[in-house]
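Visitor: I should like to go through this structure with you. May I put some short questions as we look at it?
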Amino acid sequence: MKRNLICALLILLAKASAQDDVGLGPKGPVVKMAPAPTVAVVQGKSATETLSFKIANGFHINSNRPKSEYLIPTALKVGATTDIVIGRITYPEGKDMTFAFSPDEKLNVYAGDFTVDVLVRPLHTVTPGKYIVRGTLKFQACDNTACYPPKSLPISFDVRITKAASGHSRNPRQSPHVHH
Amino acid sequence: MKRNPLILFFVAALVGVMLFAGLRNARNNRNGPVNGQIMGNIAPDFELQSLEGKNLKLSSLRGKAVLLNFWATYCGPCKIEMPWFVEMQKEYGPQGFQIVGVAMDDASPEDIAKFAKDMGVNYPILVGKESVGVSYGGVSVLPTTFFLDRDGKVMFREFGLQSRSVFVDHIKQALNQGKAVQARK
């Protein structure tokens with residue numbers, strides 16, 4: 001009898017837990033960004049910041065170059081800064097995968113971990129110091145049976161600008177405050 | 001009176017489960033009528049513009065069994081269902097069945113129309129609005145499909161891609177339910 005009671009309880013708990021959860025979409029964030037390392041760069045020079053992202057198990061997002069015009073590409077948008085030029089953003093190659101909902105069509109996706117490289121180049125006149133660069137990663141996720149509306153994940157990373165060895169004068173009007 | 005500790009434990013656990021479920025429901029209901037509130041009730045009415053520029057009011061379809069499909073052009077699983085829907089519209093349409101697609105993406109109506117044409121869609125596609133999605137519980141999963149009987153009551157709701165047989169079964173029940181309701185009048 002005890003076993004029957006426990007079974008009944010477990011079934012009730014499972015039902016309560018599963019009730020309509022699927023209709024609410026993913027329980028947690030589908031894509032998370034790992035803490036971004038501070039990129040050190042000299043005034044007037046370039047450096048690359050590598051942003052690392054993790055996609056939750058069971059989900060995938062379109063790569064930056066999905067194979068259909070209707071699919072929403074993963075894209076990083078970095079906010080404009082006055083002192084730091086944001087250069088080329090490099091996305092990884094996606095994986096060609098087929099899914100239960102698309103057995104005849106390969107989709108180019110990211111799954112698991114992926115990185116995005118961002119080239120930063122502070123102007124040679126920028127005051128040395130620490131700056132924050134902010135942006136968003138836009139992505140659209142699916143699992144094996146459903147898709148979810150596009151999301152924008154806020155991202156940020158620090159840029160530590162050091163003084164060039166010589167030859168450039170400092171712009172006295174600028175200060176090393178945090179820039180957004 | 002001797003109390004059986006096992007019974008006490010069971011009652012306490014049951015109360016716990018019910019509280020847990022209640023809290024979940026309260027949390028889940030923040031975006032609209034989900035978790036049964038919409039089931040069995042008249043589907044929230046709306047009026048949306050079709051890709052042809054005509055307005056369609058859901059309640060104008062009263063008397064027909066309706067499959068209301070929220071989808072998007074970026075949704076792969078939605079693409080699998082659409083050819084099924086085309087066939088189902090052909091097969092069950094003469095019996096008083098109507099499919100209505102509601103496109104919930106940011107694509108332009110022209111792009112949605114091109115997509116629908118490529119898929120050979122033979123039922124109205126409406127350009128969705130967030131407020132309509134909210135009235136149906138948020139529609140945070142695509143596809144989300146509702147089955148309404150002839151009186152406009154929501155009989156079934158399916159999240160994500162389902163097997164074709166599930167849809168056929170729901171359609172048949174929606175058609176029959178409407179007939180039974182009409183017979184009582």
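Visitor: What pattern does chain A follow along the sequence?
Guide: This is a predicted model. In it, chain A reads α-β-β-β-β-β-β-β-β-β-β-β-β along the sequence, with 1 helix and 12 strands.

Visitor: And which contacts does chain A have between residues at least 24 apart?
Guide: Taking the contacts in chain A between residues at least 6 apart in sequence, 72% join residues at least 24 apart.

Visitor: How much of chain A is buried?
Guide: Of its 180 residues, 38% count as buried. The accessible surface of chain A is about 10100 Å², and carbon and sulfur atoms account for 55% of that area.

Visitor: Turning to the interior, which residues have the most contacts inside the largest nonpolar core?
Guide: They are Phe46(B), Phe70(B), Met88(B), Phe97(B), Ile125(B) and Tyr136(B), in a core of 60 residues. Helix α2 of chain B, residues 76-92, supplies the largest share of this core, with 7 residues. Another core, of 33 residues, lies apart from it and includes Phe59(A), Ile84(A), Ile155(A) and Ile161(A).

Visitor: Where in chain B does pLDDT stay under 50?
Guide: One such stretch is residues 21-35 of chain B, for which the model has 29 contacts beyond four places in sequence. Residues 180-185 of chain B are also below 50, with 4 contacts beyond near neighbours in sequence. Chain B as a whole averages a pLDDT of 85, and 77% of the residues score at least 70.

Visitor: What ipTM does the predictor give the complex?
Guide: The ipTM is 0.77, and the pTM is 0.77.

Terms used. Residues are numbered from 1 along each chain as its sequence is written. Chains are lettered from A and ligands numbered from 1 in the order in which they are written. This is a predicted model: local features need pLDDT of at least 70, side-chain atom pairs count only at pLDDT 80 or more; totals for chains, interfaces and linings use all residues. Side-chain values use heavy atoms; hydrogens and water are left out. A nonpolar core is a set of buried Ala, Val, Leu, Ile, Met, Phe, Trp, Tyr and Cys residues joined through side-chain atoms within 4.5 Å. Buried means under 20% relative accessible area, exposed over 50%, partly exposed in between (1.4 Å probe, protein chains only). Helices (H or I, at least four residues) and strands (E, at least two) are DSSP runs, numbered from the N terminus. Contact means heavy atoms within 4.5 Å. Accessible areas come from the Shrake-Rupley method with a 1.4 Å probe; for residues, only the protein chains shown count as cover. pLDDT is the predictor's confidence in each residue, from 0 to 100.
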